[in-house]
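Open the structure in your viewer and keep the selection tool at hand. Each stop below says what to pick next and what is there.

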Protein chains: 2
Amino acid sequence: MCAKKNLPIDISTEEKIKAAAKKLFTQKGFSATKTRDIAEEAGINLALLNYYFRSKQKLFEIVMRENVILFIGGMIDSIKNNQHLTFEKKLEILIDRYIDTLLANPDLPFFILSVSHSGHFGGDEKDPLFNSMKELRTAFFKDIVENIQSGHLKEIHPLHIISNMMSLIVFPFAAANLLKARTGVSQKEFEKLMLERKKLIPVWLKAMFANPQELKIIKKKK
Amino acid sequence: MCAKKNLPIDISTEEKIKAAAKKLFTQKGFSATKTRDIAEEAGINLALLNYYFRSKQKLFEIVMRENVILFIGGMIDSIKNNQHLTFEKKLEILIDRYIDTLLANPDLPFFILSVSHSGHFGGDEKDPLFNSMKELRTAFFKDIVENIQSGHLKEIHPLHIISNMMSLIVFPFAAANLLKARTGVSQKEFEKLMLERKKLIPVWLKAMFANPQELKIIKKKK
DNA sequence: GTCTATAGGGTGATAGAC
DNA sequence: GTCTATCACCCTATAGAC
């Protein structure tokens with residue numbers, strides 16, 4: 001199963017296939033990606049794909065898992081490794097790392113939205129992924145509830161807080177083509193602006209949620 | 001071509017096919033949707049699909065156009081029809097309408113991201129869609145530049161402003177499954193929260209962009 | 001306009017030689 | 001482990017009867 005060599009100077013065939021699959025699945029999704037494309041991208045024979053991974057579906061699941069880990073792994077680590085810091089500082093670190101991850105993997109947000117949209121992950125409690133997600137939830141959302149949801153923010157539903165954080169960080173990457181086309185900025189400028197957001201998003205979030213006017217609105221509705 | 005009856009009490013076959021195609025394409029995208037599924041969903045024979053629409057691709061393009069119009073049409077109208085109002089009021093109306101549209105068409109945001117991600121629209125200047133987009137750009141983004149980008153906001157790139165607006169409105173719908181799973185809210189609760197955002201987003205945006213701290217950050221970077 | 005039947009090519013997966 | 005050849009099925013599209 002695990003074809004590891006002692007001196008992996010050359011990348012193994014298995015790894016080549018996985019890398020090609022990751023590239024294509026992440027870009028185009030499951031249905032639009034053909035096994036023949038993966039084989040060609042990897043520079044190997046089509047039969048080897050089934051030899052190493054049994055089926056297209058199995059290969060996709062491996063890629064999906066790696067992408068989900070990549071997407072939420074950084075979050076978990078930056079929260080776990082910085083328990084001693086203030087919530088604000090933790091948030092700054094998280095945003096910084098996240099944007100770096102997304103700049104290096106620009107198709108990741110769309111892929112994650114894509115699999116969650118089609119209901120491809122979550123649900124199975126035997127899945128180690130499920131525990132990771134749960135871990136993230138307890139580690140981070142507890143922080144939010146305890147640290148942000150104080151004062152008037154008790155009235156704001158946590159979903160708004162999480163939504164707004166994720167929106168500001170992730171959405172520009174998911175909508176990169178749209179935004180670039182509409183505003184006429186180049187890829188290079190776009191990347192520069194995303195780096196700028198590392199500093200801006202914490203300030204924006206602070207401003208949004210330090211606003212007592214929210215309370216009036218919520219109260220009025222009830 | 002146009003099989004319009006004088007008394008369309010029953011929906012025409014053409015419309016049935018288009019409605020089924022819209023439903024499936026919007027939910028699952030182009031590649032994952034099979035013509036057989038569309039035919040079955042419409043309750044008609046597979047051959048009729050090609051009789052009315054010539055090919056899967058043509059049918060998809062029709063659906064895509066309608067969805068893009070639905071997505072940006074509301075924007076254009078609410079700006080055009082309210083030129084006499086202040087920018088803030090226009091923005092409130094736009095957000096209100098937008099969220100209604102998205103509640104009625106929850107798969108729309110993901111579909112739009114999907115086609116823009118795969119580069120399926122934009123570009124062709126002969127396309128009437130291109131003019132609509134351009135119209136939107138001139139109508140709305142001029143407003144932004146002239147009305148929001150005053151004072152310290154001159155330093156903020158318009159992409160940030162447009163990003164943040166679209167993020168707060170659209171992202172929760174694109175990530176609905178993720179957000180519901182992570183926060184444990186039901187579909188009903190989710191919809192209630194989205195309605196709540198009609199009032200909250202204008203306040204949040206105001207707070208974000210009335211923040212002189214932004215300037216310090218931008219200046220420091222340069 | 002609507003159906004059945006089928007063409008024609010693509011697609012995932014495997015058998016078997018090397 | 002890697003290749004060629006091929007199977008069996010699926011998919012879009014069309015021909016032709018009614």
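## Stop 1: two helices in chain A

Select Ile161(A), Asn164(A), Met165(A), Leu168(A), Ile169(A) and Pro172(A) in H8(A). Then add their partners in H10(A): Met194(A), Ile201(A), Trp204(A), Leu205(A), Met208(A) and Phe209(A). Colour the selection by class: 11 residues of the contact of H8(A) with H10(A) are nonpolar, one is polar and none is charged. Keep in mind that this is a predicted model.

Now show the whole helices, residues 158-174 for H8 of chain A and residues 187-209 for H10 of chain A. Their axes lie 11 Å apart, at an angle of about 160 degrees. An angle over 145 degrees counts as roughly antiparallel, so H8(A) and H10(A) are roughly antiparallel to each other. The crossing of H8(A) past H10(A) is right-handed.

## Stop 2: where chain A touches chain B

Bring both chains into view. How many residues of chain A are in contact with chain B? There are 44, and they meet 44 residues of chain B. On chain A, select H1 (13-32), H6 (108-117), H8, H9 (176-183), H10 and H11 (213-221). Each of these helices supplies at least two residues of the side that touches chain B. Which helix gives the largest share of that side? H8(A) does, with 12 residues. By class, the side of chain A that touches chain B has 23 nonpolar, 15 polar and six charged residues.

Next, superpose the chains. A turn of 180 degrees with a shift of 0.0 Å along the axis lays chain A on chain B, with an RMSD of 0.1 Å. The two copies are thus related as by a two-fold rotation axis. Compare the two sides of the interface as well: 98% of the interface residues of chain A are also interface residues in chain B, so the copies meet through the same surface.

## Stop 3: the domains of chain A

Colour chain A by its domain assignment: domain 1 is 10-54 and domain 2 is 64-221. Four residues from domain 1 of chain A and six residues from domain 2 of chain A make the contact. On the domain 1 side, three of the residues are polar, one is charged and none is nonpolar.

## Stop 4: H1 and H4 in chain B

Move to chain B and select helix H1 (residues 13-32) and helix H4 (residues 56-80). The two pack at an angle of about 80 degrees, with their axes 9 Å apart. Angles from 65 to 115 degrees count as roughly perpendicular, and that makes H1(B) roughly perpendicular to H4(B). Show side chains for Lys18(B), Ala21(B), Lys22(B), Phe25(B), Thr26(B) and Phe30(B) of H1(B). From H4(B), add Leu59(B), Phe60(B), Ile62(B), Val63(B), Glu66(B) and Asn67(B). The contact of H1(B) with H4(B) has seven nonpolar, two polar and three charged residues.

## Stop 5: H5 and H10 in chain B

Stay on chain B for helix H5 (residues 87-104) and helix H10 (residues 187-209). Here the axes are 9 Å apart, at an angle of about 165 degrees. H5(B) and H10(B) are therefore roughly antiparallel to each other, and H5(B) passes H10(B) in a right-handed crossing. Select the contact residues of H5(B), among them Leu91(B), Glu92(B) and Asp96(B). On H10(B), pick residues including Glu191(B), Arg197(B), Lys198(B) and Pro202(B). The contact of H5(B) with H10(B) divides into eight nonpolar, no polar and five charged residues.

Technical notes: Residues numbered from 1 in each chain as written. Chains lettered and ligands numbered in written order. Predicted model: local features only at pLDDT ≥ 70, side-chain atom pairs only at ≥ 80, totals over all residues. Axes fitted to C-alpha atoms, helices over the stretch in contact; angles between N-to-C directions. Helix = DSSP H or I, 4+ residues; strand = E, 2+ residues; numbered from the N terminus. Parallel < 35°, antiparallel > 145°, perpendicular 65-115°, else oblique. Left-handed = near helix turned anticlockwise from the far one by under 90°. Contact = placed C-beta atoms within 7 Å. Nonpolar A, V, L, I, M, F, W, Y, C, P; charged D, E, K, R; others polar. Domains from an automatic or database assignment. Least-squares fit on C-alpha atoms with pLDDT ≥ 70 in both.
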